[in-house]
Amino acid sequence: RFVGDQPAFSPSPFFSPGAQHASMTKGTTSFGRRTKKTHTLCVRCGRRAFHKQKSTCAACGFPKASMRHYNWGTKAQRRKTTGTGRMKHLRAVQRRFRNGFREGSQAKPAKAVAAQ
């Protein structure tokens, strides 16, 4: 049935009953098809940022020797800097520095120090 020159019902340009798999949108219908993982876990920083095809980490720059950081990302530098992790070795170095890196000596017994 026509009203003037236009048909009474005009289907949406995104609706095509014959094509079930073809989609003209980039939005909701396409998101269900995104099943491939481009990034996997990085062995250095542990984040899911290691690009499998490029073989580089988007977060830390692995396998480059230097850590990836930029001066325009000040808050990102703050999150990654020294002191935000375990500091297993550096904490021991700081303790040894306070004591003058002494080695080979034996600590005096606490009883002998208290008696004097």
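This note sets out numbered points on a predicted model of a single chain.

1. Overall composition. The chain contains four helices and five strands. Along the sequence these elements follow the pattern β-β-α-β-β-β-α-α-α. The helices include α1 at residues 28–31, α2 at residues 74–80, and α3 (88–98) and α4 (110–115).

2. Burial and surface. Of the 116 residues in the chain, 9% are buried. The exposed surface of the chain comes to about 11,100 Å², and carbon and sulfur atoms supply 55% of it.

3. Contacts along the sequence. Among contacts with a separation of 6 or more, residues 24 or more positions apart account for 0%. A reviewer may wish to keep this figure in view when reading the points on individual residues.

4. The sheet. Three strands form an open sheet in the order β3-β4-β5, and their pairing is antiparallel. The edge strands are β3 (39–40) and β5 (56–57), each of which pairs on one side only. Strand β4, at residues 50–51, is joined to β5 by two bridges. Within this antiparallel pair, phenylalanine 50 has cysteine 57 of β5 as its bridge partner.

5. The nonpolar core. The largest nonpolar core has six residues in all: Cys42, Ala49, Phe50, Cys57, Ala59 and Cys60. Phe50 and Cys57 thus belong to this core and are also bridge partners in the sheet. When neighbours within four places in sequence are left aside, cysteine 42 is in contact with Arg47, Phe50, Cys57, Cys60 and Phe62. Cysteine 60, a further member of the core, is buried, with a relative accessible area of 1%.

6. Cysteines without disulfides. How many disulfides does a search of the whole structure find? The search finds zero. Two cysteines may be examined individually. For cysteine 45, the closest cysteine sulfur is that of cysteine 57, and the two sulfurs are not bonded because 3.7 Å is too far for a bond. For cysteine 60, the closest cysteine sulfur is likewise in cysteine 57, at 3.7 Å, and this is again too far for a bond. Cysteine 45 counts as partly exposed, at 30% relative accessibility, whereas cysteine 60 is buried at 1%.

7. Histidine 51. This residue is found in strand β4. Is histidine 51 buried or exposed? Histidine 51 is buried because its relative accessible area is 16%, and the cut-off for burial is under 20%. Its side chain reaches the backbone nitrogen of lysine 54 at 3.1 Å. Not counting residues up to four places away in sequence, histidine 51 touches Thr38, His39 and Thr56. His39 falls within the edge strand β3 (39–40), and Thr56 within the edge strand β5 (56–57).

8. Serine 30. Helix α1 contains serine 30. The residue is buried, with a relative accessible area of 17%. The side chain of serine 30 reaches the backbone oxygen of threonine 25 at 2.9 Å.

9. Positive phi angles. Two residues other than glycine deserve a check of their backbone. Serine 55 has a phi near 60°, a positive value in a residue other than glycine. Serine 55 lies in the loop between β4 and β5 and is partly exposed, with a relative accessible area of 35%. Phenylalanine 101 has a positive phi of about 50°, although it is not a glycine. Phenylalanine 101 is placed in the loop between α3 and α4, where its relative accessible area of 42% makes it partly exposed.

10. A cis peptide bond. The peptide bond from phenylalanine 62 to proline 63 is cis, with omega near 15°. Proline 63 is found in the loop between β5 and α2. Phe62 also appears among the contacts of cysteine 42.

11. Alanine 76. This residue is found in helix α2. At 31% relative accessibility, alanine 76 counts as partly exposed. Alanine 76 and alanine 59 are 17 residues apart in sequence, and their C-alpha atoms are 9.8 Å apart in space. Alanine 59 is one of the six residues of the largest nonpolar core.

How values were computed. Residues numbered from 1 in each chain as written. Predicted model: local features only at pLDDT ≥ 70, side-chain atom pairs only at ≥ 80, totals over all residues. Heavy atoms only, no water. Buried < 20%, exposed > 50% of the residue type's maximum accessible area, 1.4 Å probe, protein only. Contact = heavy atoms within 4.5 Å. Areas by Shrake-Rupley, 256 points an atom, 1.4 Å probe, with all protein chains shown as cover. Pairing = 2+ DSSP bridges. Core = buried A, V, L, I, M, F, W, Y, C linked by side-chain atoms within 4.5 Å. Disulfide = S-S within 2.5 Å. Polar contact = N/O pair within 3.5 Å; in protein donor to acceptor, adjacent residues only side chain to side chain.
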